[in-house]
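User: I should like a close look at one of the helices and at the residues that surround it. Please explain each term as you use it.

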Amino acid sequence: MDSTVTTGTGENVWGGGNRPLGASYGKLMMWFFLVSDALTFSGFLAAYGFSRFKFIETWPIADEVFTHVPFFHGNYPMYYVAFMTFILIMSSVTMVLAVDAGHKMKKNSVIWYMFLTIIGGAIFVGSQAWEWATFINGDYGAVETKGGRILQFVKADSGDRAALADFAKTIPGDRVAHENKNGVWFYDEGYQPSYSLNEVLEGFKANPNILVRTETINEEGEKTLLSRQESLTKLQNATQVVEGANLVHNEYGSRLFADFFFFITGFHGFHVFSGVLINLIIFFNVALGTYEKRGHYEMVEKVGLYWHFVDLVWVFVFTFFYLV
């Protein structure tokens with residue numbers, strides 16, 4: 001940046017020595033990157049918003065999707081996502097303290113606050129990986145109709161969701177005869193759900209306590225529950241059993257919901273993962289006294305800008321994807 005650019009007449013158009021807004025070259029480039037990244041995330045969230053409101057009548061209810069907590073069984077809507085958000089925000093606080101300690105040239109304080117920031121980021125990334133695995137594996141299972149609609153099952157007496165394992169019949173067939181314990185398996189069949197469509201349908205007919213609910217959200221903000229006869233009629237259009245979620249099928253409802261979930265949270269998770277790695281590099285440089293020798297901790301400040309940006313983006317993702 002100290003090089004001088006001149007015109008053919010020798011006029012000095014920019015000496016390169018000025019600091020726009022009083023920022024150093026490194027911090028200015030970081031701001032350019034963050035602005036461009038902010039536009040990218042804005043585009044993703046805008047696309048999510050358009051898609052969601054286009055299919056608002058059938059969009060999955062987040063409180064019914066993200067209900068799991070590690071090591072606990074039960075229904076805990078949004079608890080773990082809130083915990084992840086809290087951890088990430090607290091890591092941003094420790095990063096602020098690390099930057100402040102750097103301004104005061106307190107090396108040991110910078111080391112400790114950077115360490116806590118890295119721990120917070122690692123917990124968030126691990127939690128997001130666990131959430132992904134839970135979402136992919138699914139919960140209760142459902143069936144998909146010819147039109148791509150998802151039909152879920154509910155217990156009539158309690159109103160609770162019914163898992164396929166609660167009522168599906170095991171019908172002897174080739175898969176039962178060739179179990180893995182017999183040394184023979186279907187190597188070329190690819191992934192298969194735990195139950196066939198026929199097993200689910202026969203189990204449903206044999207259990208009058210099971211009803212079907214559709215994706216459509218009624219005036220009370222709940223999924224539409226069908227009567228027993230309506231359920232039997234609706235199941236005639238079922239084509240396959242769906243367990244979990246991927247880019248093509250989603251037991252929780254619209255496949256677009258799963259697509260945006262993987263894309264937006266995955267892109268953000270990649271940013272957090274990258275931030276943890278960068279923080280680790282800066283952490284070791286601080287520990288080795290690299291910035292102490294330079295006489296300033298500007299690198300901590302620059303990586304701090306990135307970390308606060310990642311934190312801020314998650315607040316928007318959490319608000320628009322999970323809460324609204």
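Analyst: The chain has eleven helices and seven strands; helices (H or I, at least four residues) and strands (E, at least two) are DSSP runs, numbered from the N terminus. This is a predicted model, in which local features need pLDDT of at least 70 and side-chain atom pairs count only at pLDDT 80 or more, while totals for chains, interfaces and linings use all residues. Residues are numbered from 1 along each chain as its sequence is written, and side-chain values use heavy atoms, with hydrogens and water left out.

Of the 324 residues of the chain, 40% count as buried. Buried means under 20% relative accessible area, exposed means over 50%, and partly exposed lies in between (1.4 Å probe, protein chains only). Among the contacts in the chain with a separation of 6 or more, 69% join residues 24 or more positions apart; contact means heavy atoms within 4.5 Å.

The close look concerns helix H9, which covers residues 255-288. The expected span of a helix is 1.5 Å times one less than its number of residues. For the 34 residues of H9 this gives 50 Å, and the end C-alpha atoms are 49 Å apart, so the two values agree. At the N-terminal end, Ser254 acts as a cap of H9: one of its side-chain oxygens lies 3.2 Å from the backbone nitrogen of Leu256. After H9 comes Gly289, whose phi is positive, near 85 degrees.

Two residues within H9 may now be compared with their surroundings. Thr265 is in H9, and its relative accessible area of 0% is why it counts as buried. Not counting residues up to four places away in sequence, Thr265 touches Gln128, Trp132, Phe260 and Tyr322. Leu280 is also placed in H9, but Leu280 counts as partly exposed because its relative accessibility is 31%. The C-alpha atoms of Leu280 and Thr117 are separated by 9.7 Å, although these residues are 163 residues apart along the chain.

Thr117 leads to another helix, for it lies in H4 (residues 107-137). Thr117 is buried, because its relative accessibility is 0%. Leaving aside neighbours within four places in sequence, its contacts are Ser91, Thr94, Met95, Asn279 and Trp307. With one of these, Thr94, the side chain of Thr117 makes a side-chain to side-chain polar contact of 2.8 Å. A polar contact is a pair of N or O atoms within 3.5 Å; within protein, one must be able to donate a hydrogen and the other to accept it, and residues adjacent in sequence count only if both atoms are side-chain atoms.

Trp307, which is in contact with Thr117, introduces the last helix to be described. Helix H11 (residues 298-323) packs with helix H1 (residues 25-54) at an angle of about 10 degrees, the axes being 11 Å apart. Axes are lines fitted to C-alpha atoms, for helices over the stretch in contact, and angles run from 0 to 180 degrees between N-to-C directions. H1 and H11 are therefore roughly parallel to each other; angles under 35 degrees count as roughly parallel, over 145 as roughly antiparallel, 65 to 115 as roughly perpendicular and the rest as oblique. The contact includes Met30, Trp31 and Phe33 of H1, and Leu305, Tyr306 and Phe309 of H11.
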